[in-house]
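Here are some notes to read beside the model. Please keep the structure open and find each element as it comes up.

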Amino acid sequence: MRGQLPHREKREISLNVNGRSVVVCAHPMERLLDVLRRELGLTGTKEGCGEGECGSCSVLLDGTLVNSCLVPILQVAGSEVTTIEGLAGDGRLHALQQAFLECGGAQCGICTPGMILAACQLLRKTPRPNTEEIQEGLSGNLCRCTGYTQILEAVAEAARRSVE
Amino acid sequence: MRAHPAEYELVAPGSLPVVLELLAKEPGTWLPIAGGTDVMVQYAAGKLAARKLVSIWNLPELRSVHATSVEIAIGGGCTYTDLRSNPLVCRNFPLLCSAARWTGGIANQNRGTLGGNIVNASPAADSLPALLVYGAELLLISARGTRRVPYADFHVGYRKTSLAPDELILAICLKPQFSGYYAHARKVAARNAQAISKVCLAALGKLCDGVIEDVRLAMGSVAPVPLRLPATERVLKGQCVDANLIAAAKVAAAAEVRPIDDIRSTARYRAEAAGNLVVEFLERLREGSAAR
């Protein structure tokens with residue numbers, strides 16, 4: 001069956017990833033997740049479930065949190081994408097990354113990039129979140145190691161430091 | 001089996017008239033894709049029948065909330081985030097805002113659209129019972145023009161709708177006529193975010209001197225389509241809310257739903273929970289009235 005279907009050409013699609021303009025050559029239905037990992041070598045974005053349930057593949061698309069497994073690359077043309085690799089700057093970790101390290105917010109690490117990007121969107125909208133708001137902000141991100149407590153503490157700690 | 005992207009076409013004309021023209025030229029060939037929270041899941045699983053897709057994500061004509069003197073028209077492409085952050089929508093239609101907050105997590109709320117939720121036509125969709133109790137109308141658009149249909153008639157069977165192959169949902173139109181009503185929404189699921197309901201309820205009730213002047217009940221995950229409960233409403237209307245009435249409504253609701261056993265729950269549990277949710281609503285309605 002597969003042999004009978006027409007194979008379509010790849011297209012050039014321009015986008016900005018972590019502040020850098022790039023042109024990728026991809027089929028329009030390729031998932032943003034796959035383009036980031038395979039074409040651009042940005043393997044910090046993880047694939048968990050591949051169906052928008054776990055949040056491991058979370059990135060910021062034009063400043064908005066999305067599951068990159070559910071976004072076809074054509075819909076990203078002309079947009080700005082921020083992945084975990086784009087958070088640290090000038091050799092310094094982002095406040096959230098530092099807080100996750102210090103609070104023990106990461107164990108196996110698969111969920112961590114998505115957690116940090118979800119927290120990033122939360123703190124941009126709500127700089128001083130209460131516990132309930134942190135829980136809601138991270139409710140689309142599943143962790144199977146930590147039990148969440150240290151993750152929630154890390155976000156609260158990063159918020160405290162950013163406000164100070 | 002995983003989908004192979006080379007076998008799919010996706011175009012993004014960026015303009016509503018061009019999208020409608022494409023749908024009209026080859027009806028049934030092009031599948032509209034908005035935020036992809038349903039379509040991309042089927043695609044990734046290799047279960048997407050359509051091979052040609054047309055992006056309707058972020059088309060300005062579909063992304064606005066427009067108020068007139070008689071109604072509020074929510075663009076079919078408005079996301080759950082758009083809904084829950086819109087004061088006009090939240091003030092007039094709190095049940096819709098609660099449902100938007102419960103759907104997926106933040107990332108899915110940023111991409112999932114109300115129009116997509118309606119067309120995807122899952123009987124478990126959280127936002128659809130709210131549209132039933134608010135008496136929504138759908139404004140459909142195609143290259144042939146527009147037409148209005150009552151939302152209550154839109155779902156014609158399990159995952160089947162009356163949308164023509166060349167049509168899109170332009171707007172979901174709601175009349176802000178329920179300001180005097182007590183609004184109650186409840187979802188029963190493994191957890192609130194990222195979990196599909198076992199049963200969910202959207203309810204509106206209006207009491208006058210302890211008597212139910214009007215009541216509107218709808219549930220998700222209890223039938224092949226989002227279900228309004230007219231028989232239970234008839235039991236309640238014009239009656240005084242007391243223990244006997246609440247007991248009768250519980251029986252009526254459990255009898256009126258048509259649930260099935262599936263991976264999330266059983267028919268027996270769902271019928272019992274449906275009755276209990278109606279009880280909870282009526283108790284709150286009565287308490288709220290006593291407090292006033």
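1. Start with one term. A residue counts as buried if 20 or more other C-beta atoms lie within 10 Å of its own, and as exposed if 12 or fewer do. Keep in mind that this is a predicted model.

2. Now apply the term to helix α1 of chain B, residues 16-25. Its buried residues are B:V19, B:L20 and B:L23. Viewed down the axis of α1(B), these fall within an arc of 95°, so they line one face of the helix. B:P17 and B:K25 lie on the other side of α1(B) and are exposed. The cover over the buried residues of α1(B) includes three strands of chain B: β2 (30-33), β3 and β6 (137-142).

3. Next, look at helix α5 of chain B, residues 94-102. How many of its nine residues are buried? Eight are, so to speak of this helix as mostly covered is fair. The buried residues in α5(B) are B:L95, B:L96, B:C97, B:S98, B:A99, B:A100, B:R101 and B:W102. Note that B:R101 is on that list. Helices and strands of chain B share in the cover: among them are α3 (80-84), α4 (87-92), α6 and α8 (128-133), along with β11 (182-188) and β12 (199-208). After α5(B) comes B:G104, which has a positive phi, near 60°.

4. Two of those covering strands deserve their own point. Five of the seven residues of β11(B) are buried, so the rest of the structure largely encloses this strand. β11(B) and β12(B) run antiparallel and are joined by seven bridges. One pair to find is B:V188 with its bridge partner in β12(B), B:V199.

5. Move to chain A. Here an open sheet has five strands, in the order β2-β1-β5-β3-β4, with mixed pairing. Why is one side of β2 (20-26) and of β4 (64-67) in chain A left without a neighbour in the sheet? Both stand at the edges, and each has a single partner strand. From one strand to the next, the twist averages 40°.

6. Stay at the β4 edge. Strand β3 of chain A, residues 58-61, pairs with β4(A) in the antiparallel sense over four bridges. A:V59 has A:V66, in β4(A), as its bridge partner. Helix α3 of chain A, residues 112-125, lies across β3 and β4 of that chain, and runs at about 35° to β3(A).

7. Chain A is divided into domain 1 (9-86) and domain 2 (95-163). Their centres, taken over C-alpha atoms, are 22 Å apart. Domain 1 of chain A gives 13 residues to the contact, and domain 2 of chain A gives twelve. Within the domain 1 side, the largest share comes from β3(A), with three residues. By class, the domain 1 side has six nonpolar residues, six polar and one charged.

8. Finally, how many residues does each chain bring to the contact between chains A and B? Chain B brings 25 and chain A brings 29. On the chain B side, the elements that give two or more residues are β1 (9-11), α2 (39-44), β3 (52-55) and α6 (106-111). The largest share of that side is from α6(B), with five residues. The chain B side holds 14 nonpolar, eight polar and three charged residues. Two elements return here from earlier points: α6(B) is part of the cover of α5(B), and β3(B) is part of the cover of α1(B).

Terms used: Residues are numbered from 1 along each chain as its sequence is written. Chains are lettered from A and ligands numbered from 1 in the order in which they are written. This is a predicted model: local features need pLDDT of at least 70, side-chain atom pairs count only at pLDDT 80 or more; totals for chains, interfaces and linings use all residues. Two residues are in contact if their C-beta atoms, placed from the backbone, lie within 7 Å. Ala, Val, Leu, Ile, Met, Phe, Trp, Tyr, Cys and Pro count as nonpolar, Asp, Glu, Lys and Arg as charged, and the others, Gly among them, as polar. Two strands pair if DSSP finds at least two bridges between them. Axes are lines fitted to C-alpha atoms, for helices over the stretch in contact, and angles run from 0 to 180 degrees between N-to-C directions. The arc is that of the directions from the helix axis to the C-beta atoms. Domain bounds come from an automatic or database domain assignment.
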